Amino acid sequence: MKNILLMVWALMAISCASKSIQKPKPNILFIAIDDLRPELGTYGSKVAKSPNIDALAAQGLQFERAYCQEAICSPSRASLMTGARPETIQVIENFTYFREVNPNIVTLPQHFINNGYEAVHTGKIYHKPAFADPEKSWSREPAIDKMTIKKANSPGGYALKENQDYFKKSRAEVIEKYGKNAPRNGLGKGPAYECAEVPDYFYEDGYNAELAIATLKDMLEKNPEKPFFLGLGMKKPHLEWLAPKKYWDMYDRSALTLTGQAEAPTDGATMGLHPSFELRARYGIPKYGPIDDSLALTLRHAYLACVSYVDAQIGKVIQALDDAGQRENTIIILWSDHGWHLGDMGIWGKATNYEIGTRVPMIIWTPDMPDKNRGKKTNALVELVDMYPTLSELAGLDLPDHLEGQSFKPLLKKPGLEWKRAAFSQFPSPALREWAANPLSQGMRETYFGPLIENVEGKIKDQMGDQWDRLLFENDLMGYAMRTDQYRLVAWKDRTNLAKKPIFVELFDHTTDPYETKNVASKHPELVQELLVQLDKGWQGSLAK
């Protein structure tokens, strides 16, 4: 009997010891950056100054070929946060709230909450506050009560009085001319950029970084044993490009260059490029015609200043994580919701199906990834929708059945592993959609954008001839893009009848044409048919084995 009791006590001791050394669940630092193309030092930019993001990449794994599912804010973010693709969740423009059409879908942070995590965010994670899903995606509010600084809340977010006045003037003018709903439709914006002698926290990203740090400290103080999912959303380099002067001063304007590809792709789809609506809505930007070289350099300078500004804020939050002693139990993932044309292909903005619009930076750091792989870059094709299953698997969580991405956890151990055969994106007829991707309204046609719309519509009619159909091109035409190892295929199809053949196809060979300057579909009909078969099989047909 005595021996039996000793054995029981020994087993109990082993069990208790096992529990005491059980590895805690990893925290998640989820860093979202708005409108950031891979314009970073670590991605080969010759001008961008991004030391903090570069340092993260030097310690983690950098994805050279990561792609969004739609190059516009709400569809991209709703897709990656739900783990399902834009058409699955019925969000293909900025006006549909994913939760209204998917009331029971479990989001990424919600999944972590369901598994014992605290989940909170500061800044832009979903498209806007009204779409932030506060009741299901987040378990607490950020620690605003712990802040010693106040949010600026200046007119238009501007620091300079002259820009605040321009903002108010522009807003008043469009309301007087087009009605009270004009600002809601994206009109009446202030200047596109600002350089002001202000502290980082004057603008929203600086404030939200400080709020994230305060929230991190608050969580660790109140419940240090509970794992957290902390979303840090950086709004820049989304327009408007507002950054403290010190970040502008990091760049020598005379050393900046313009895009080397200022023309649309030869033989490309005329409906595939918009007339830069988003930029032209800003005060002081020409409403028609080209953006001159001097202004283009200023805009590029402004974009880069914002890149460096958000890089500094990200560095502060990662440093706070280190200072709190949490780095070695935290997974850090950094991503952007889509790319951005800085005059590339002759346009300014996101909202295209091309490489420059869909390719995004993505970097992951984990405490236990092999040291030999730290600082490596993988050419595996991955998608933003893959983050949900990846983070879940890394945290040891089961995967919900609705997910439409694939965990890239294996790439952390083998970055060169043969992976997906393709990445998929889509965008509805950029030329004849407002920049929020919703169909053109009559009101939009009656604004100063009317001549732009007429011009691009004329080009589409000339290219498409008898295939022109206003209802189709404005409402139901979808560009379905597929990026394989070598090619980008864009099939322009009637989304109400996908069985019909595409009305137009684009094909770009990245071996010989990495900037997608020439559509070669007409020269390779057999290859096009082969790729269309692959496209029709969808994302399921291109998963890694």
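Contact, on this tour, means heavy atoms within 4.5 Å. The model you have open is predicted, so keep that in mind as you click along.

**Stop 1: proline 86**

Select proline 86, which sits in helix 4, residues 86–89. Is this residue buried or exposed? Its relative accessible area is 1% and the cut-off for buried is under 20%, so proline 86 counts as buried. Now show what surrounds it. Setting aside neighbours within four places in sequence, proline 86 has contacts with Gln69, Glu70, Pro75, Ser79, Val91, Ile92 and Gln426. Next, add valine 385 to the selection: 299 residues separate it from proline 86 in sequence, yet the C-alpha atoms are 10.0 Å apart in space.

**Stop 2: strand 2 and its partners**

Move to strand 2, residues 61–67, where 7 of the 7 residues are buried, so the rest of the structure largely encloses this strand. Bring up strand 10, residues 359–365, and you will see an antiparallel pairing with strand 2 over 5 bridges. To find your place in that pairing, pick glutamine 62, which stands opposite isoleucine 363 of strand 10.

Then turn to strand 11, residues 376–383, which runs parallel to strand 2 and is joined to it by 6 bridges. Here a handy pair to label is arginine 65 and its bridge partner in strand 11, leucine 381.

**Stop 3: the second largest pocket**

Keep strand 2 displayed and add helix 13, residues 355–358; each of the two supplies at least two residues to the lining of the second largest pocket. This pocket has a volume of about 1,000 Å³. To centre your view, select Arg37, Glu39, Ile356, Arg359 and Tyr515, the closest to the pocket centre among its 29 lining residues. Colour the lining by residue class and you get 9 nonpolar, 9 polar and 11 charged.

**Stop 4: two nonpolar cores**

In soluble globular proteins, nonpolar side chains tend to be buried together. For an example here, go to the largest nonpolar core, which has 58 residues. Leu29, Ile31, Ile33, Trp241, Leu299 and Ile314 have the most contacts inside it. Highlight helix 12, residues 293–323, as well: it gives this core its largest share, 16 residues.

Zoom in on isoleucine 314. Beyond residues up to four places away in sequence, it touches Ile31, Ile33, Ile53, Leu232, Met234 and Leu334. A second core, separate from that one, has 49 residues, including Leu80, Ile105, Val382 and Tyr388.

**Stop 5: helix 14**

Tyr388 also belongs to helix 14, which spans residues 387–394 and is mostly covered, with 7 of its 8 residues buried. Those to select are Met387, Tyr388, Pro389, Thr390, Leu391, Ser392 and Leu394. If you plot backbone torsions, check glycine 396, which follows helix 14 and has a positive phi, near 80°.

**Stop 6: glutamate 278 and the largest cavity**

How many cavities of 30 Å³ or more does a search of the whole structure find? The count is 3. The largest has a volume of about 50 Å³.

Reach it through glutamate 278, in helix 11, residues 277–280. With a relative accessible area of 4%, glutamate 278 is buried. Apart from neighbours within four places in sequence, its contacts are Asp35, His238, Leu239, Trp340, Gly349, Lys350 and Trp435. Glutamate 278 is itself in the lining of the largest cavity, along with His274, Ser276, Phe277, Trp348, Gly349, Lys350, Ala351 and Trp435. Helix 11 and strand 9, residues 348–349, each contribute at least two of the lining residues. By class, this lining divides into 4 nonpolar, 3 polar and 2 charged.

**Stop 7: the second largest cavity**

Now select Ser74, Arg77, Ala78, Thr96, Tyr97, Phe98, Tyr126, His127 and Phe131, which line the second largest cavity. About 40 Å³ of space lies within. Helix 3, residues 73–82, gives the most to this lining, with 3 residues. The lining is made up of 5 nonpolar, 3 polar and 1 charged.

**Last stop: serine 429**

Finish at serine 429, in the loop between strand 12, residues 423–428, and helix 16, residues 442–445. Serine 429 has 0% relative accessibility and so counts as buried. Show Met271, Phe473, Leu477 and Trp492 too: serine 429 touches these four, not counting residues up to four places away in sequence.

Notes:
Residues numbered from 1 in each chain as written. Predicted model: local features only at pLDDT ≥ 70, side-chain atom pairs only at ≥ 80, totals over all residues. Heavy atoms only, no water. Helix = DSSP H or I, 4+ residues; strand = E, 2+ residues; numbered from the N terminus. Buried < 20%, exposed > 50% of the residue type's maximum accessible area, 1.4 Å probe, protein only. 1 Å grid on protein atoms, 1.4 Å probe; cavity = no way out; pocket = protein on both sides within 12 Å on 5 of 7 lines; lining within 4 Å. Points joined across faces, edges and corners; volume = space filled by probe spheres on them. Nonpolar A, V, L, I, M, F, W, Y, C, P; charged D, E, K, R; others polar. Pairing = 2+ DSSP bridges. Core = buried A, V, L, I, M, F, W, Y, C linked by side-chain atoms within 4.5 Å.
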